[in-house]
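Student: I would like to go through this model one feature at a time. Please reason briefly and finish each reply on what I asked for.

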Amino acid sequence: SGKSRPMRILQYVQNTAVQGDANSVISAVDSYCANVEWAMNVGDKKGEILDAVVLDVRPRWVLELGTYCGYSTMRIARLLPPGARLITLEMNHHYAQVAKQILGHAGLDSQVDLLVGASSALIPQLKKKFDMDKFDLVFIDHWKTSYLPDTKLLEECDLLASGTVLLADNVTCPGAPEYLHYVRNSPRYKSLYFPSQLEYLRVEDGMEKSVFLG
Ligand SMILES: CCNc1ncnc2c1ncn2[C@@H]1O[C@H](/C=C/CNC(=O)c2cc(-c3ccc(F)cc3)cc(O)c2O)[C@@H](O)[C@H]1O
Ligand SMILES: [Mg+2]
């Protein structure tokens, strides 16, 4: 039942996870996607790398590109210091609606602003909309061919400060070759690869952490 995969994930969360307990919602998504049907969440293995980066950066302003069901949104939001904000962009209305409900079940909607629309249209509006200046952390996990153009757009919109961390999912599988080449060869980034595995599978994947140098 449930018309879409995100819908089926939401129903499983609503039926099994503890309302207001983000960790139980994260575990519910992981057990559903590991045992019932695969979905493109960052997952528990790469999720631990994401957690470690969030805890290390202690960001005040976080941007996520590609919300999908809100899994990585929850992982980030549950670790934010008080007063910090996570802005997540999702172009698919249905996915955004599901993510909003999953975030609500986890009790994390107060730290998160979920905007529905394409990143290319929304990124130029963020400074004014949120009265903010620079992001401390950007988690990139949307269409792999959009990683590079959106990184360049973030530079053009002056949304990256010296020290801003970009963390990109899937740089090995499915891969983001143009993005990788750019951040690994540009003098404006210090880049480091974190090997891991594709969510819920024994397939190599990894995340690239790139620090903007200004
Ligand atoms: C147009 C660019 N701008 C965008 N602005 C806002 N939201 C966007 C945008 N692009 C895509 N989105 C949204 O991000 C999400 C897309 C994520 C794309 N992710 C993947 O393709 C992906 C794919 C895999 C994968 C790996 C191995 C396989 F065999 C099959 C799939 C694994 C992953 O972890 C992935 O992240 C959707 O919710 C989509 O609606
Ligand atoms: Mg991904």
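Student: In which helix does lysine 100 lie, and is lysine 100 buried, partly exposed or exposed?
Tutor: The model is a predicted one. Lysine 100 belongs to the helix that spans residues 93–106, α5. Its relative accessibility is 40%, and the class in between runs from 20% to 50%, so lysine 100 counts as partly exposed.

Student: How far apart in space are lysine 100 and leucine 10?
Tutor: In sequence, lysine 100 and leucine 10 are 90 residues apart. Taken C-alpha to C-alpha, their separation in space is 10 Å.

Student: Which residues coordinate the magnesium ion (ligand 2)?
Tutor: The donor residues follow the spacing D-x27-D-N in sequence. Their donor atoms are OD, OD and OD1, at 2.0 to 2.2 Å from the ion. The residues are Asp141, Asp169 and Asn170.

Student: Are aspartate 169 and asparagine 170 buried or exposed?
Tutor: Buried means under 20% relative accessible area. Asparagine 170 has 4% relative accessibility, so it falls in that class. Aspartate 169 is in that class as well, which makes the answer for aspartate 169 and asparagine 170 buried.

Student: What is the phi of asparagine 170, and where is this residue found?
Tutor: Most residues other than glycine have a negative phi. Asparagine 170 is found in the loop between β5 (160–168) and α9. Although it is not a glycine, its phi is positive, at about 65 degrees.

Student: Which residues are the closest to ligand 1?
Tutor: Ligand 1 is surrounded by 23 residues. The closest of these are Glu90, Ser119, Asp141, Asn170 and Glu199.

Student: What is the distance from a polar side-chain atom of glutamate 90 to an oxygen atom of ligand 1?
Tutor: Other polar side-chain atoms also lie by the ligand: one of tryptophan 143 is 3.4 Å from a nitrogen atom of ligand 1. One of aspartate 169 is 3.2 Å from an oxygen atom of ligand 1. For glutamate 90 and an oxygen atom of ligand 1, the distance is 2.5 Å.

Student: How much of the area of ligand 1 does the protein bury?
Tutor: The space taken by ligand 1 is the largest pocket. Taken alone, ligand 1 exposes 810 Å². Of that area, the protein buries 81%.

Student: Which elements give two or more residues to the shell around ligand 1?
Tutor: One is the strand at 85–90 and another is the helix at 171–175. These are β2 and α9.

Student: What is the omega of the peptide bond from cysteine 173 to proline 174?
Tutor: Most peptide bonds are trans. Proline 174 has its place in helix α9. The bond from cysteine 173 to proline 174 is cis, with omega near 10 degrees.

Student: Is arginine 58 buried or exposed?
Tutor: Arginine 58 sits in the loop between α3 (43–57) and β1 (61–65). Its phi is positive, near 45 degrees. Exposed means over 50%; the relative accessible area of arginine 58 is 58%, so this residue is exposed.

Student: How many residues of helix α8 are buried?
Tutor: Helix α8 covers residues 147–156 and is mostly covered. Its buried residues are Tyr147, Leu148, Asp150, Thr151, Leu153, Leu154 and Glu155. Out of ten residues in α8, the number buried is seven.

Student: What phi does aspartate 158 take?
Tutor: Aspartate 158 comes just after α8. Its phi is positive, at about 55 degrees.

Note on methods:
Residues numbered from 1 in each chain as written. Chains lettered and ligands numbered in written order. Predicted model: local features only at pLDDT ≥ 70, side-chain atom pairs only at ≥ 80, totals over all residues. Heavy atoms only, no water. Donors = N, O, S within 2.8 Å, 3.2 Å for Na, K, Ca; no water. Buried < 20%, exposed > 50% of the residue type's maximum accessible area, 1.4 Å probe, protein only. Near = heavy atom within 4 Å. Polar contact = N/O pair within 3.5 Å; in protein donor to acceptor, adjacent residues only side chain to side chain. Areas by Shrake-Rupley, 256 points an atom, 1.4 Å probe, with all protein chains shown as cover. 1 Å grid on protein atoms, 1.4 Å probe; cavity = no way out; pocket = protein on both sides within 12 Å on 5 of 7 lines; lining within 4 Å. Sits in = over half its atoms within 2 Å of the grid points. Helix = DSSP H or I, 4+ residues; strand = E, 2+ residues; numbered from the N terminus.
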